[in-house]
Amino acid sequence: MDSSLARLDLNLLAVFDMLMQERNVTRAAERLHLSQSTVSHALGRLRTALDDPLFVMSRREMMPTERAKALAGPVRQALAMLEQGLRQAKGFDPATARRIFRIATPGSVEHGLVPVLVDRLHRQAPHCRLEVCELADSNYERELEKGELDLVIGFAGANHLSPRLWREEWFNNPLVCLSPLGSELPDVLTPVELVSRPHIHTSSWGHSQAMVELWLARFGVERELGVRLPSFMAVPPLMATGRYLVVVPEMIGRHFCRYYPLRMHQLDPAIPIVYLMAGHPLTAHDEAIGWFKSLLHQLVFDLYGTDALGTPAQRSLAK
């Protein structure tokens with residue numbers, strides 16, 4: 001055995017991994033639930049064992065040396081595989097498990113599906129809970145590798161996720177147009193009819209709205225944007241003015257039409273939006289994440305039937 005490896009133990013590797021993430025002894029100690037002096041002592045042992053300073057103080061944070069950068073990936077992968085192995089050895093029973101599932105998702109899924117998902121999670125895994133953050137401008141490899149997230153909900157064809165992540169198509173939810181109740185627009189809108197009024201632009205991420213622009217460009221027409229919003233929150237009161245149209249995923253359209261005086265119009269030709277799940281290969285065999293993926297597949301199958309893209313096998317664990 002290499003002499004430097006013989007001087008290391010698992011606790012030292014965990015400290016190294018956390019220091020690579022935080023670049024700060026105090027923050028690393030807080031996340032590890034250790035004292036600052038304990039982490040400093042562990043760093044000293046690491047430096048002695050590896051004969052390298054590993055981290056050098058800069059004005060703002062501790063900067064890793066080339067040796068530390070070379071070690072970071074293998075250490076993170078080894079710890080993640082160990083964590084996964086320990087969880088699998090214990091097994092996952094949704095009825096008794098205590099776990100937080102962390103996902104990043106676009107606003108449409110948060111608004112349209114998360115309330116139903118939370119209710120189903122509570123019934124099937126009463127001691128588990130959900131933490132949701134909004135989809136951001138990231139390829140998400142780092143967040144998933146570090147375990148900060150379990151899954152990312154993204155868009156097929158958007159090319160915003162790291163190619164190293166695994167992906168599964170989740171469901172298709174086409175875009176629809178909403179108009180004020182009483183509008184004289186037909187039930188199905190052509191591109192020319194869709195641009196007859198100013199639009200509300202409703203996306204912080206922008207994928208759905210970009211699809212609308214591409215769709216209109218195919219037919220040589222442009223729309224006027226009346227308001228640009230980061231989310232769906234202000235859509236109902238703005239639509240109440242009677243001045244605007246808004247294009248949203250069908251799940252959002254049905255929700256708004258249920259509670260507000262709005263009409264929903266299909267588009268011809270349709271604009272499909274395919275949502276997908278993505279995760280890191282390190283957790284591809286994690287039983288808890290596998291069960292949670294099945295829960296998501298079963299949820300959209302129950303809600304949308306044939307628009308759910310998961311197979312019966314992908315839904316089976318959630319039953």
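The following questions and answers concern a predicted model of one protein.

Visitor: How many helices and strands are there in the protein?
Guide: The C-alpha atoms fill a box of roughly 80 × 45 × 30 Å along the principal axes. Among contacts between residues at least 6 apart in sequence, 75% join residues at least 24 apart. As for the elements, the count is 14 helices and 13 strands.

Visitor: What percentage of the residues of the protein count as buried?
Guide: The protein exposes about 16100 Å², and carbon and sulfur atoms supply 54% of that area. A residue counts as buried under 20% relative accessible area. Of the 319 residues, the buried part is 48%.

Visitor: Where does UniProt place the feature "domain: HTH lysR-type"?
Guide: The UniProt entry is unreviewed, and the feature name comes from that record. In the model, the stretch 8-65 is 62% helix and 10% strand, with its end C-alpha atoms 18 Å apart. The record places the feature at residues 8-65.

Visitor: Which residues of helix 7 are buried, and why are they on the same side?
Guide: Helix 7 covers residues 114-124, and its buried residues are Val114, Leu117, Arg120 and Leu121. They cover an arc of only 125° around the axis, so they sit on the same side of helix 7. The face turned away from that side carries the exposed residues Pro115, His122 and Arg123. The buried residues asked for are thus Val114, Leu117, Arg120 and Leu121, and the reason is the arc of only 125°.

Visitor: Which elements do the buried residues of helix 7 pack against?
Guide: Two of the elements are strands and two are helices, as named here. They are strand 3 (100-105), helix 6 (107-112), strand 4 (129-134) and helix 13 (287-304).

Visitor: In what sense does strand 8 pair with strand 12, parallel or antiparallel?
Guide: Strand 12 (residues 262-267) runs antiparallel to strand 7 (residues 175-180), joined by four bridges. In that pairing, Ser179 stands opposite Arg263. With strand 8 (residues 188-189), strand 12 has two bridges, and Val188 has Gln266 as its bridge partner. The sense of the pairing between strand 8 and strand 12 is parallel.

Visitor: With which side chain does the side chain of Glu141 make a polar contact?
Guide: Glu141 lies in helix 8 (residues 141-145) and is buried, with a relative accessible area of 17%. Leaving aside neighbours within four places in sequence, Glu141 is in contact with Ser162, Arg164, Leu165 and His280. The polar contact, at 2.8 Å, is with the side chain of Ser162.

Visitor: Is Leu54 buried or exposed?
Guide: Leu54 is found in the loop between helix 4 (36-50) and strand 1 (55-57). Its phi is positive, about 65°, although Leu54 is not a glycine. Most residues other than glycine have a negative phi. With a relative accessible area of 0%, Leu54 is buried.

Visitor: Is Asn159 buried or exposed?
Guide: Asn159 also has a positive phi, near 55°, and is a residue other than glycine. Its place is in the loop between strand 5 (151-155) and strand 6 (166-172). The relative accessible area of Asn159 is 71%, so the residue is exposed.

Visitor: Which residues does the cis peptide bond join?
Guide: Most peptide bonds are trans. In the cis bond here, omega is about 0°. One partner, Pro269, is found in the loop between strand 12 and strand 13 (274-279). The bond joins Asp268 and Pro269.

Key
Residues are numbered from 1 along each chain as its sequence is written. This is a predicted model: local features need pLDDT of at least 70, side-chain atom pairs count only at pLDDT 80 or more; totals for chains, interfaces and linings use all residues. Side-chain values use heavy atoms; hydrogens and water are left out. Two strands pair if DSSP finds at least two bridges between them. UniProt positions are given in the numbering used here, feature names are shortened, and annotations may be inferred rather than shown by experiment. Buried means under 20% relative accessible area, exposed over 50%, partly exposed in between (1.4 Å probe, protein chains only). The arc is that of the directions from the helix axis to the C-beta atoms. Contact means heavy atoms within 4.5 Å. Accessible areas come from the Shrake-Rupley method with a 1.4 Å probe; for residues, only the protein chains shown count as cover. A polar contact is a pair of N or O atoms within 3.5 Å; within protein, one must be able to donate a hydrogen and the other to accept it, and residues adjacent in sequence count only if both atoms are side-chain atoms.
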